[in-house]
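Open the model in a viewer and keep the sequence panel visible. The stops below give a selection each time, followed by what is found there.

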Amino acid sequence: MSHNSAAILLALMARARLAVGASCLAVLLVMFAPAVLAQENARNILILLSNDPGLSANVEMLKGVRSALGPDDPGPAQIFDEYLDAARFPEAERAEAMRGFLKTKFAATHIDLVVTIGPEALRFMIGHRQELFAGAPVVFAGIREESLKSLALPADMTGIISQIDPAKTLELALRLKPDTEQVVVVSGAAPFDKSWEAKARTLFAPFEPKHAFTYLSGLRMADLLDRVAKLPPNSQIVFLSFFEDGSGARLRPNAVVEKVALAANAPVYGIYDTYLDRGIVGGYMDTFEAVGRETGKLALAVLDGESPQSISPHEAETHRFIVDWRQIERWNLNADALPAGTEIRFKEKTAWERYRREIIAIAAVMLVQSAMLLLLASEVRRRKRAQRAAEEASERMDAAVTGADLGLWNWSADTDTVWTTQRCRKLLGLNADIPLRRDNFLGCLSPEDRALALERMASALRTGRICVSEYLIRLPGDGERWIMTKTIPKSRINGSAERLIGVILDITERKQREMEAERQRQELAHLSRVSVLGALSGALAHELNQPLTAILSNAEAASMLARRPGNAKEIQGILRDIIKDNKRAGQVIHHLRSLLRKEQAAKEHFAANEIVNDVLGLCHSDLVIKGVTVVKRLGKNLPMLLGDAVQLRQVLLNLVLNSCDAMAERPAGERILTIATTTETDTVAFSISDNGRGVPAETIEDLFQPFYTTKSFGMGLGLPICQWIVAAHGGELSARNNPAGGATFSFELPSPGMGCEKAGTRFSRESRVNI
């Protein structure tokens, strides 16, 4: 090898080593960077427990908290555990020493959140948090509600309240052994034990008339075991808490309860789940692990930014009845009396419970084999039955279609061909022999209906929805027929519609009946208008007499002035007054003619406020005679409405007169009628309110029923006709009683969408008129 070749080879090797080193460094950065970042971003949580770490409740509680918070290294949180051990060392000096210890230990560590378990830990943090962990929120657990009330809890502390109810545990004991005569309550000599005794005495007081209670509190351990071993028959024991006995010995409650259950000659019940599997029957309790999980979830919520002030202290809602099945059997207790939802532990599984899957699997194999044999044997019979059923169904379909006078059709979207029955062709007036496509199939429809039918068929194909439509078709010879068609889309395997099938029914007679009913409703509405105007005849005569009297007086004055020269200006003023009064009388006559007109008016655009003022002008004199004060609240820039203005005037006139009748019992000067118009989006709302007697609550739903009336002189048709008119315009008439008295009738009408065209601008402000 030459010198130059060796140099080149060495250079290539050096570059390769450099590339490999860079790659390794990149891999290491990818592997360890997340751990480093997680360590830097970790949030520090201190869990401060009231009692010693070996206490079963603390072990279970910590397990639940940690399961909710997750692993501590690496992960979202660094968790530190500390113990006050207050039950064994309650001295104040111990707490002061603990304060100094925590201050030194966490001097260089920022604590983001503190979780306290037990009342002593919470009291310690209330007193020393500002010095030790300033600004760190506190989440607490393991404290009863009565203990919490005695503390001055800062606003940024929240948590889970322990709601342990010994009374429910006692109720469980009495259910399982109804012949109980004596209840023995066991508790220790520690302050915590005594607090439980005091609570139990209060809660058990309602049970004392039926049962004798004995409280074995603060006894020496040997004395306690001797007493529980010699209880009279039909006794039961409720074990509360036992951190210290009468000699001052510090104990663990779960160890004490195990000795008591072993020595006792009666069933033992407890209030903590850590007593289970130590000889107690059970009780109404929380599991410490479940409470710990709820506490951990709450701590995570606070760490994630939720304000502690917004979370009120609350129960974990995890308490329930829990029993040890072995103790149920040991003491021969009535298991049928267990409350619904009771959790049963340590119950030995039956053969079915242990081998259920295997039993089911074997049975399933046997069933499958049997089913296959049955299927093979019945397949031939099934096919024969299916063939006969298909033939019979076809025959029944033909009979049903013929009997119901229906026409059937089927349109294929792929080939644009239409198949029909002969009845269908006859209903549509189509030639019986010509092949059909969609265009000539729809040729019997008018151009407008044909476009609508095409749009509906396309929509049915696109959406897969059934469509029901009605059409008027023109038949040869100037005949016409109403038909109803139901269109059903049929889909391919991939879901897209490939064809439409339909049913056609002749509904001509039904439409004729509907048109006759419509004509009769129009006739009834006209009669109602005539009746209302008849009731207003006296007031209308007065309304016409005023302008006519003014015209006569002005004409006589003008005649006198015309005899003397120089009165041209006065005569011109008189003539203007005559013209104004003439127009006023003409408007009254015009409104009367429109309301008395019998034929149906064509739909027209009209302004809501104008018809309100027309109606008030028409009944002006009647309102004056009845001493009614009218308050108008007419909105501005209301959209125009489309419909029969005469019919809507009838509705308003009827409602105004009804309101006047409802106020007849009030003095004339106190009768107030309020009429208002408003708008929201594309609707206009009308309301007519009075301060009369109102409508009885039990009859308000019947107001719009025909022939129902609250008047001695009424027929009960006015409001039903008004309801029909409003419904025909796309609205609904409703009634309600006013809080201060009287009633309000209101309805909304849709606007056809007239763009920027508005109405009613000159009635924008509220006006109060005494008439």
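## Whole chain

Of the 771 residues in the protein chain, 42% are buried. The model is predicted. Colour by secondary structure to show 23 helices and 28 strands. In a contact map of the chain, counting contacts with a separation of 6 or more, 67% are between residues 24 or more positions apart.

## Stop 1: helix H2 and helix H10

Select residues 56-69, which form helix H2. How far apart are its end C-alpha atoms? They are 20 Å apart, and this agrees with the span expected for 14 residues at 1.5 Å a residue, also 20 Å. Colour by accessibility next: the buried residues of H2 are Ser 56, Ala 57, Asn 58, Met 61, Leu 62, Gly 64, Val 65, Ala 68 and Leu 69. Step just past the end of H2 to Gly 70, where phi is positive, at about 95°.

Now add residues 288-303, helix H10. The axes of H2 and H10 come within 7 Å and cross at roughly 40°. An angle from 35 to 65 degrees counts as oblique, so H2 is oblique to H10. The crossing of H2 past H10 is right-handed.

Show side chains for the residues that make this contact:

- From H2: Ala 57, Glu 60, Met 61, Lys 63, Gly 64, Val 65, Ser 67, Ala 68 and Leu 69.
- From H10: Phe 288, Glu 289, Val 291, Gly 292, Arg 293, Thr 295, Gly 296, Lys 297, Ala 299 and Leu 300.

Colouring the H2 and H10 contact by class gives nine nonpolar, five polar and five charged residues.

## Stop 2: helix H3 and helix H4

Select residues 92-105 for helix H3 and residues 119-132 for helix H4. Their axes come within 11 Å, crossing at roughly 35°, and the crossing is right-handed. On the H3 side, the contact is made by Ala 95, Glu 96, Met 98, Arg 99, Leu 102 and Lys 103. On the H4 side, Phe 124, His 128, Glu 131 and Leu 132 take part. What classes of residue make up the contact of H3 with H4? There are five nonpolar, one polar and four charged residues.

## Stop 3: Phe 346

Move to the loop between strand E13 (343-345) and helix H12 (351-354), and pick Phe 346 there. Phi of Phe 346 is positive, near 65°, in a residue other than glycine. Is Phe 346 buried or partly exposed? Its relative accessibility is 36%, so Phe 346 counts as partly exposed.

## Stop 4: Asn 637 and Pro 639

Asn 637 lies in the loop between strand E20 (628-634) and E21. Asn 637 is not a glycine, yet its phi is positive, at about 55°. With a relative accessible area of 41%, Asn 637 is partly exposed.

Go on to Pro 639, which is found in strand E21 (residues 638-639). Pro 639 has a relative accessibility of 7% and therefore counts as buried. Draw a C-alpha to C-alpha distance from Pro 639 to Thr 681: the two are 42 residues apart in sequence and 9.2 Å apart in space.

## Stop 5: helix H22 and helix H23

Select residues 645-662 for helix H22. The 18 residues of H22 should span 26 Å at 1.5 Å a residue, and the end C-alpha atoms are indeed 26 Å apart. An accessibility colouring shows H22 mostly covered, with 16 of its 18 residues buried.

Add helix H23, residues 718-728. H22 and H23 pack at an angle of about 145°, and their axes are 10 Å apart. H22 passes H23 in a left-handed crossing. In H22, display Gln 647, Leu 648, Gln 650, Val 651, Asn 654, Leu 655 and Asn 658. They meet Gly 718, Leu 719, Ile 721, Cys 722, Trp 724, Ile 725 and Val 726 in H23. The contact of H22 with H23 has nine nonpolar residues, five polar and no charged.

## Stop 6: Ala 728

Stay on H23 and select Ala 728. The relative accessible area of Ala 728 is 53%, so Ala 728 is exposed; the cut-off is over 50%. Finish with a C-alpha to C-alpha distance from Ala 728 to Asp 644: the pair is 84 residues apart in sequence and 9.7 Å apart in space.

Methods:
Residues are numbered from 1 along each chain as its sequence is written. This is a predicted model: local features need pLDDT of at least 70, side-chain atom pairs count only at pLDDT 80 or more; totals for chains, interfaces and linings use all residues. Side-chain values use heavy atoms; hydrogens and water are left out. Helices (H or I, at least four residues) and strands (E, at least two) are DSSP runs, numbered from the N terminus. The expected span of a helix is 1.5 Å times one less than its number of residues. Buried means under 20% relative accessible area, exposed over 50%, partly exposed in between (1.4 Å probe, protein chains only). Axes are lines fitted to C-alpha atoms, for helices over the stretch in contact, and angles run from 0 to 180 degrees between N-to-C directions. Angles under 35 degrees count as roughly parallel, over 145 as roughly antiparallel, 65 to 115 as roughly perpendicular and the rest as oblique. A crossing is left-handed if the near helix is turned anticlockwise from the far one by less than a right angle, and right-handed if clockwise. Contact means heavy atoms within 4.5 Å. Ala, Val, Leu, Ile, Met, Phe, Trp, Tyr, Cys and Pro count as nonpolar, Asp, Glu, Lys and Arg as charged, and the others, Gly among them, as polar.
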